[in-house]
Amino acid sequence: KGGGHSYQGTSDAPDSLLVWTRRMNAIALHDAFVGQGCAGQQAPHPAVSVAAGAMWADAYHAVTTQAGRYVQGGGCTSVGVAGLVQSGGFGSFSKNYGTAAAGLLEAEIVTADGAVRIANACTNPDLFWGIKGGGGGSLGVVTRLTLRTRELPEHFGGTSAKIRATSATAFRALIERFVDFYAEHLLNPHWGEQIKLDPDHTLHISMVSQGLDSTQAQAVWQPFFDWVAQSPHDYALVETPSIGSGPARRWWDVAWREQHA
Ligand SMILES: Cc1cc2nc3c(=O)[nH]c(=O)nc-3n(C[C@H](O)[C@H](O)[C@H](O)COP(=O)(O)OP(=O)(O)OC[C@H]3O[C@@H](n4cnc5c(N)ncnc54)[C@H](O)[C@@H]3O)c2cc1C
């Protein structure tokens with residue numbers, strides 16, 4: 001058990017032996033990491049080694065807030081690093097950086113025979129392939145993961161709004177317009193996260209952006225909100241659109257966010 005966020009409860013089987021890694025949360029950054037056995041075969045990468053019990057909040061704090069770099073993880077900061085990487089891991093900015101598992105350079109794992117093994121592209125490559133999405137708990141107890149870090153963009157941002165349609169017909173038109181708008185303007189490496197369609201004919205937008213300042217992000221959404229504003233009898237803004245960006249380095253900096261709320 002790492003972060004304890006398994007939807008299926010696979011880290012909490014009754015009458016089983018529980019190994020809870022929570023206190024194994026050491027984090028170390030590397031300027032030029034080369035996996036064991038990879039010297040001469042693989043270029044060095046800036047990276048971070050994260051012990052199995054760390055949550056994404058711990059990793060983002062060390063990598064982004066403290067070091068000004070980026071590591072691809074998940075959107076929910078209390079999810080465990082080990083569980084998410086072993087299930088692939090798709091995060092808010094994955095349309096630009098890929099899955100969390102794609103950023104895995106090396107894992108340390110204790111297999112069922114009691115051996116501590118290193119798995120990377122050069123050493124135990126089959127085991128490495130399996131860890132990158134084969135599912136938590138499938139192949140052994142992972143004790144450490146080393147993930148690529150990337151250059152941090154200048155801005156991360158968020159867009160939220162709630163639009164309620166006054167009829168089922170208007171709601172269908174809104175969904176159609178949004179899907180077209182998404183395909184044209186949001187299906188690209190800048191945008192991530194989600195929209196929800198609520199039963200009361202409400203479109204709930206909750207998205208994030210990377211690499212766009214506030215003016216650029218607002219310009220992207222302008223045509224969509226102009227379209228909504230043209231039909232005041234069909235649509236009401238239940239939550240006024242909020243579109244903005246800030247310094248990416250402060251995205252997970254709780255103290256900074258409290259000061260600038
Ligand atoms: C609120 C919430 C938000 C989420 N957001 C995202 C998201 O943005 N992107 C995404 O891709 N997924 C997301 N998930 C899914 C999440 O990535 C998976 O459920 C993941 O497996 C949880 O990992 P964990 O360590 O927190 O959970 P745990 O329940 O502790 O572990 C999950 C599985 O991995 C095994 N495991 C844990 N640690 C180890 C280890 N060290 N070695 C071997 N096996 C281990 C456990 O036995 C269990 O089978 C979310 C889940 C929740 C509940």
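Visitor: Which ring does the charged end of Lys-1 sit over?

Guide: A good place to begin! The charged end of Lys-1 sits over the ring of Trp-20, 4.5 Å from the ring centre. Please keep in mind that this is a predicted model. There is another case to look up: Arg-257 lies over the face of Trp-251, at 4.8 Å from the ring centre.

Visitor: Thanks! Now the overall layout. What domains does the assignment give?

Guide: The domain assignment divides the chain into domain 1 (27–151) and domain 2 (155–259). Taken over C-alpha atoms, the centres of the two domains are separated by 32 Å.

Visitor: How many residues of each domain are in contact with the other?

Guide: On the domain 1 side there are 14 residues, and they are in contact with 18 residues of domain 2.

Visitor: I have heard of disulfides. How many are there here, by this rule?

Guide: First, the general idea: a disulfide is a covalent bond between the sulfur atoms of two cysteines. In this structure the count is 1 disulfide. Its partners are Cys-38 and Cys-122, with an S to S distance of 2.2 Å.

Visitor: Where in the chain do those two cysteines lie?

Guide: Cys-38 is in the loop between strand E1 (27–33) and strand E2 (45–51), while Cys-122 is in the loop between strand E5 (116–120) and helix H4 (125–131). The pair links distant parts of the chain, 84 residues apart.

Visitor: Why is this disulfide called right-handed?

Guide: Look at the twist about the bond: the torsion about the S-S bond of Cys-38 and Cys-122 is about 115 degrees, so the disulfide is right-handed.

Visitor: Are these cysteines buried or partly exposed?

Guide: One of each! Cys-38 has a relative accessible area of 0%, so Cys-38 is buried. Cys-122 is at 24% relative accessibility and counts as partly exposed. You can read Cys-76 in that way too: at 39%, Cys-76 is partly exposed.

Visitor: What does Gln-36 touch in that region?

Guide: Gln-36 is found in the loop between E1 and E2. Leaving aside residues up to four places away in sequence, Gln-36 touches Glu-106, Ile-118, Asn-120, Cys-122 and Thr-123. With a relative accessible area of 47%, Gln-36 is partly exposed.

Visitor: Let's go inside. Which residues of the largest nonpolar core touch the most other members?

Guide: That core has 34 residues, and those touching the most other members are Trp-56, Val-81, Val-85, Leu-145, Leu-147 and Phe-156. The elements giving two or more residues to the core are E2, helix H1 (56–66), helix H2 (81–86), strand E4 (104–110), H4 and strand E6 (141–148). The core also draws at least three residues from each of domain 1 and domain 2. There is a second, separate core of 22 residues, which includes Leu-212, Phe-224, Val-228 and Tyr-235.

Visitor: How do I read a helix such as H1? Which of its residues are buried?

Guide: The general idea is that an α-helix has 3.6 residues a turn, so residues three or four places apart point the same way. In H1 the buried residues are Trp-56, Ala-59, Tyr-60, Ala-62, Val-63, Thr-64 and Thr-65. They pack against E1, E2, E3, H2 and E6. After H1 comes Gly-68, whose phi is positive, near 70 degrees.

Visitor: And the aromatic rings? How many pairs are there by this rule?

Guide: The count is 21 aromatic pairs. Take Tyr-70 and Tyr-97: their ring centres are 4.3 Å apart and their planes are at 35 degrees, so the pair is tilted. Tyr-70 lies in strand E3 and Tyr-97 in helix H3, so the pair ties together parts 27 residues apart in sequence. Tyr-70 is buried, at 1% relative accessible area, and Tyr-97 counts as buried at 9%.

Visitor: What about the pair of Phe-156 and Trp-251?

Guide: Their planes are at 75 degrees and their ring centres 5.6 Å apart, so this pair is edge-to-face. Phe-156 lies in strand E8 and Trp-251 in the loop between strand E11 and helix H7, so the pair ties together parts 95 residues apart in sequence. Phe-156 counts as buried, at 0% relative accessibility.

Visitor: Which residues form the aromatic cluster?

Guide: Trp-56, Tyr-60, Tyr-70, Phe-93, Tyr-97, Phe-156, Trp-251 and Trp-252 form one cluster. Happy exploring!

Terms used:
Residues are numbered from 1 along each chain as its sequence is written. This is a predicted model: local features need pLDDT of at least 70, side-chain atom pairs count only at pLDDT 80 or more; totals for chains, interfaces and linings use all residues. Side-chain values use heavy atoms; hydrogens and water are left out. A disulfide is a pair of cysteine sulfur atoms within 2.5 Å. Helices (H or I, at least four residues) and strands (E, at least two) are DSSP runs, numbered from the N terminus. Buried means under 20% relative accessible area, exposed over 50%, partly exposed in between (1.4 Å probe, protein chains only). A nonpolar core is a set of buried Ala, Val, Leu, Ile, Met, Phe, Trp, Tyr and Cys residues joined through side-chain atoms within 4.5 Å. Domain bounds come from an automatic or database domain assignment. Rings of Phe, Tyr and Trp (its six-membered ring) pair if their centres lie within 6.5 Å; planes under 30 degrees apart count as stacked, over 60 as edge-to-face and the rest as tilted. A charge sits over a ring if NZ of Lys or CZ of Arg is within 6 Å of the ring centre and within 35 degrees of the ring normal. Contact means heavy atoms within 4.5 Å.
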